Amino acid sequence: MNNPTEISTQTFQSVFGALPEVTASAPGRVNLLGEHTDYQGGFVLPTAIPQRATVQLRRNGTVRHQLRSVQLAQTLVTAVGDVGENFAPYLTGCFALSGIHDGLDALIDSDVPSGGLSSSAALEVATLRALRDLYHLPLSDVELALRGVQVEHEFVGVMCGVMDQMASSLADTRTLLLIDTRSLERRAVPLPTGSEVLVLDSGVPRRLAESGYNERRAQVEEASRLLGVPELRDVHDIGQLDILPPLLLRRARHVVSENARVLESLDADAAGFGKLMNASHASLRDDYQVSHPQVDNLVALLQADDAVYGARMTGAGFGGAVVALVREGTASDVAGRVLPAYEAATGVHGSQVVP
Ligand code: GLA
C-alpha cells in the first residue's frame with residue numbers, strides 16, 4: 001500500500017523548494033445505512049475507510065497561493081482572497097473561512113477514490129487539520145467538520161449534509177459511527193458479529209451528481225414544508241405522507257423509511273442488517289431515483305452471492321461506489337466472483353476498494 005504522506009513530503013520539496021511546515025491527513029468514509037437523510041435531521045451510519053487525503057502547507061511569504069495536486073499533476077495559482085477554479089475552492093474555502101491572509105504553498109495527495117467515498121470531505125478535513133496545526137486554531141473536531149460543510153455550501157456549491165465531514169473528522173475504520181445529524185450526538189456501533197465490509201467501485205463515473213443532489217434536497221425541503229414539520233426526521237408514520245403530490249411522496253418516503261432502517265439496524269444481526277441494506281438500495285433506486293442501471297446490476301450480483309448479507313449503493317449516488325456486508329473473511333472472494341460477472345454483463349470494469 002502506498003503511503004501518501006511519505007510520497008508527498010518528498011514531492012513538496014521538489015515542487016516548492018522547501019519543506020512543509022505541517023502535514024495532516026483525513027480518511028474517506030463509506031456509509032452503511034442512512035443515505036440522503038443527513039439534510040433532514042436524520043440518522044447515518046458511516047465508517048472511515050483506510051484511504052486518506054493528505055495536505056501539506058507552508059507559508060510562502062507572498063500574496064498568492066500555489067496549490068499542487070499530485071493526482072492531477074497540476075498546480076493552480078490564486079491570489080489570496082480569490083476562490084479559484086477546479087480543485088482550488090476546496091482549499092481556498094478552508095483558508096478563507098479560517099481567516100487566513102498568508103500566501104500558502106499547498107500539496108495535496110489522496111488515495112480516496114472519487115465517487116461516493118467522500119474524497120472531497122477528506123480533502124477539506126485534511127486541509128482544516130493542517131490549518132489548525134499551523135495557526136493553532138481553537139477548533140474542536142466537530143467544529144472543524146462543520147467548517148468543511150460550510151466550504152461545500154459557500155465555495156463548492158454543493159448543499160451537502162453533515163455526514164461526510166463528520167465521518168472524516170470523527171470516525172475510525174474499526175467501528176460504525178452512528179450520528180444523529182440534528183443534535184450531532186454520536187456513538188460507536190460495532191459491526192454485526194461475524195460480518196465485514198466490502199466496498200466496490202462500480203467504475204461508473206458520477207454524472208450530474210451535483211445538480212441531482214441539490215434538486216433532491218430542494219424536493220424534500222418542499223415536502224417537509226407541505227407537511228408542516230421542521231424536517232422529515234419528525235415524520236414517524238409513512239401514512240402522514242399521503243397528502244403530498246406523487247413525486248414528493250416518493251422522495252419523502254425514502255427519507256422517512258431510511259431513518260427507520262438505521263434505527264432498526266442497531267438491534268439487528270448480520271442477516272437482519274443485510275436485509276435493511278437491500279431495502280435501502282431499493283428505496284434509493286425506486287423512490288429517491290439516485291442509483292444507476294450499472295450500479296443496480298453490481299448490487300444485484302452482490303445480493304445474489306451466498307456470502308453476502310446485503311448490498312447497496314453508497315454516498316450521493318448517480319454512479320460511484322457500492323457497499324456490501326459479507327461473511328467475515330470472505331470479502332476478497334466475493335469481489336473475485338462478482339467483479340468478473342459484472343464486467344461480463346456490463347462491459348464496465350469495477351474494482352475492490354475495501355478491505
Ligand atoms: C453526499 C453528501 C452527504 C450525504 C450523502 C447522501 O455524500 O455530501 O451529506 O447527503 O451524499 O447520503
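User: What places a backbone N or O atom of Gly161 in polar contact with an oxygen atom of the ligand?

Analyst: In this predicted model, a backbone N or O atom of Gly161 lies 2.9 Å from an oxygen atom of the ligand. The limit for a polar contact is 3.5 Å, so the pair qualifies.

User: Which distances link the side chains of Arg29 and Glu35 to an oxygen atom of the ligand?

Analyst: For Arg29, a side-chain N or O atom is 3.1 Å from a ligand oxygen. For Glu35, the corresponding distance is 2.6 Å. Each value is within 3.5 Å, so each pair counts as a polar contact. The protein covers 93% of the 310 Å² of accessible area that the ligand has on its own.

User: Which residues are around the ligand, and how many of them fall in each class?

Analyst: The shell consists of Arg29, Glu35, His36, Asp38, Tyr39, Cys160, Gly161, Met163, Asp164, Tyr213, Gly315 and Ala316. By class, five are nonpolar, three polar and four charged. Gly161 and Gly315 are among the polar members, because Gly is assigned to that class.

User: Why is the ligand said to lie between domain 1 and domain 2?

Analyst: Both domain 1 (4–189) and domain 2 (195–354) contribute residues to the shell around the ligand, so the ligand lies between them. The space that the ligand takes is the largest pocket.

User: How many residues does each domain bring to the contact, and what separates the domain centres?

Analyst: The centres of domain 1 and domain 2, taken over C-alpha atoms, are 25 Å apart. The contact takes 36 residues from domain 1 and 43 residues from domain 2.

Methods
Residues numbered from 1 in each chain as written. Predicted model: local features only at pLDDT ≥ 70, side-chain atom pairs only at ≥ 80, totals over all residues. Heavy atoms only, no water. Near = heavy atom within 4 Å. Polar contact = N/O pair within 3.5 Å; in protein donor to acceptor, adjacent residues only side chain to side chain. Areas by Shrake-Rupley, 256 points an atom, 1.4 Å probe, with all protein chains shown as cover. 1 Å grid on protein atoms, 1.4 Å probe; cavity = no way out; pocket = protein on both sides within 12 Å on 5 of 7 lines; lining within 4 Å. Sits in = over half its atoms within 2 Å of the grid points. Domains from an automatic or database assignment. Contact = heavy atoms within 4.5 Å.
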